[in-house]
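Okay, thanks for coming, everyone. I'd like to walk you through one model today, piece by piece. Let me put it up on the screen.

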Amino acid sequence: MAQRVAQRPGVRGVIYLDYQATTPLAPEALRAMLPWLESQHANPHSPHAPGRAAKAAVEVARDSVVALLPAGGSVSFTSGATEAINWAIKGVRPGGIVTLATEHAATLDTVEALERTGRPVTILPVGRDGLVDLAAARAAIGPGTALVAAMLVNNEIGVIQPIADLAAIAHEAGALLLCDAVQGYGRVAIPGACDLVAISAHKVHGPKGIGALWIRDGVSIEPLLHGGGQEAAGRSGTLSPALCAGFGMAAKLALDRHEDDAAHVAVLWELATERLGAGWTINGSVEHRYRGNLNIRHDGLDVARLTSELRDIAFSAGSACASGSGRPSHVLRAIGLSDAQARSSIRLGFGRYTTEEELVIAIERIMAAAAAQRIAA
């Protein structure tokens, strides 16, 4: 496979392997944004000609974003996936909420806040493979349930949940299904049975600061933000044509390059996994997984020392949203790892702009540094 070297974004001198935290901005997305940052500054909600031109750019971007989502729904732009998830969870009708123990903090913290107000909340466990037990889900999701919230592709371990099955169970009970598709959008198919889908631009080589909530036709939720209702579904706030244009171009690229990107990730996965040394274990299901996420552990590994010694390789010890907390990953604990095992795990994320050569170099250096730790111990 041809290497991704032309116009490859990145930080000079650093091998970037943290695609789950954020992806490099596509050069094409940057070029789409620049006119709206340099000279075309009109408010897209203004009725004059420059405003209408800005509005047209927003709608072109919206069409591109929608093209990667199920048919029969519409997109409202938001400040990011966190806002989209909050809006979806807080905006549904009163009733119980069922979610998974491995969800992103945007979901878990939101349902915890609602639980303090008296909303019934059920947190479903997962197995050692990271997958929810559908029998347990069916037992928990009943007539009083208003919403089931589940992540399509886990941000820490890459496991793909059976979203279509969860949606069917939810619908049987009269509930809606919210899919956090942040890590899956543009990479894996989003089941058409979803009712609400949260996505983010900066996970698909778009800009930070913009996301969207897809809402199925016929589904109505209460606004989260008030003050103008600029978006059709009631979301208030002035949209940035620059951010929308960048998101739209990133989505168009994800659609146009889907097969090439998927094939490239498959090659990178094979290169990485075949170089794992003795004692390394992949966390979560290997079969039901997005292969651009490699979460691995080696018992006794000092991850803090590893990251300090390999400062020119950008990888993660867990979710960027929880970095610095000092707590072991709730996702790794949920799949049955001990605190020590969770703290001995690292996450390598790669994709479109990762070259085979740099991934091989990074893996070999990580393996060598980890081996040196074991010898020193």
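Let's start with a single residue: is Thr107 buried or exposed? Bear in mind that what you're looking at is a predicted model. Thr107 is buried, because its relative accessible area is just 1%, and the cut-off for buried is under 20%. You'll find Thr107 in helix 4, which covers residues 105-115. If you skip the neighbours within four places in sequence, Thr107 is in contact with Ile85, Ile89, Thr99 and Ala149.

Okay, on to the sheets. There's an open one with seven strands, in the order 2-8-7-6-5-3-4, and the pairing is mixed. Strand 2 (73-78) and strand 4 (121-124) are the edge strands, each pairing on one side only. On average, neighbouring strands in this sheet are turned by 20° against each other, if you ignore direction.

Let me zoom in on strand 7, residues 196-200. How many of the residues of strand 7 are buried? Five of the five, so strand 7 is largely enclosed by the rest of the structure. As a reminder, side chains in a regular strand alternate between the two faces of the sheet. Here both faces are covered: Leu196, Ala198 and Ser200 are buried on one side, and Val197 and Ile199 on the other.

Now the partners. On one hand, strand 6 runs parallel to strand 7, and three bridges join the two; Leu178 stands opposite Leu196 there. On the other hand, strand 7 pairs with strand 8 (residues 211-216) in the antiparallel sense, over five bridges. In that pairing, Ser200 has Gly211 as its bridge partner, and Ile199 stands opposite Ala212. While we're around here, helix 6 (residues 163-172) lies across strand 5 (145-151) and strand 6 (176-180), and it runs at about 155° to strand 6.

The loop between strand 7 and strand 8 has something for the backbone people: that's where His205 is found. Most residues other than glycine have a negative phi. His205 has a positive phi of about 70°, although it is not a glycine. And His205 is buried, with a relative accessible area of 5%.

Next, the other sheet I want to show you. It's open, has three strands in the order 9-10-12, and the pairing is antiparallel. Strand 9 (281-282) and strand 12 stand at the edges with a single partner strand each, so one side of each has no neighbour in the sheet. Strand 10 and strand 12 are joined by five bridges, with Asn293 standing opposite Gly349. Helix 8 packs on this sheet, where it touches strand 9 and strand 10, and its direction makes about 15° with that of strand 10.

Then there's helix 12, residues 356-376. Quick sanity check on its length: at 1.5 Å a residue, its 21 residues should span 30 Å, and the end C-alpha atoms are 30 Å apart, which agrees. Its buried residues include Leu359, Ile363, Ile366 and Met367, and also Glu358 and Gln373. What do the buried residues of helix 12 pack against? Among others, helix 8 (258-273), strand 10 (293-297), helix 9 (303-309) and strand 12 (345-349).

Last thing: holes. Searching the whole structure turns up two cavities of 30 Å³ or more. The largest cavity holds about 40 Å³ of space, and its lining includes Thr102, Glu103, Met151, Asn154 and Gln161.

That's my tour, so over to you.

Methods:
Residues numbered from 1 in each chain as written. Predicted model: local features only at pLDDT ≥ 70, side-chain atom pairs only at ≥ 80, totals over all residues. Heavy atoms only, no water. Helix = DSSP H or I, 4+ residues; strand = E, 2+ residues; numbered from the N terminus. Expected span 1.5 Å × (residues − 1). Buried < 20%, exposed > 50% of the residue type's maximum accessible area, 1.4 Å probe, protein only. Contact = heavy atoms within 4.5 Å. Pairing = 2+ DSSP bridges. Axes fitted to C-alpha atoms, helices over the stretch in contact; angles between N-to-C directions. 1 Å grid on protein atoms, 1.4 Å probe; cavity = no way out; pocket = protein on both sides within 12 Å on 5 of 7 lines; lining within 4 Å. Points joined across faces, edges and corners; volume = space filled by probe spheres on them.
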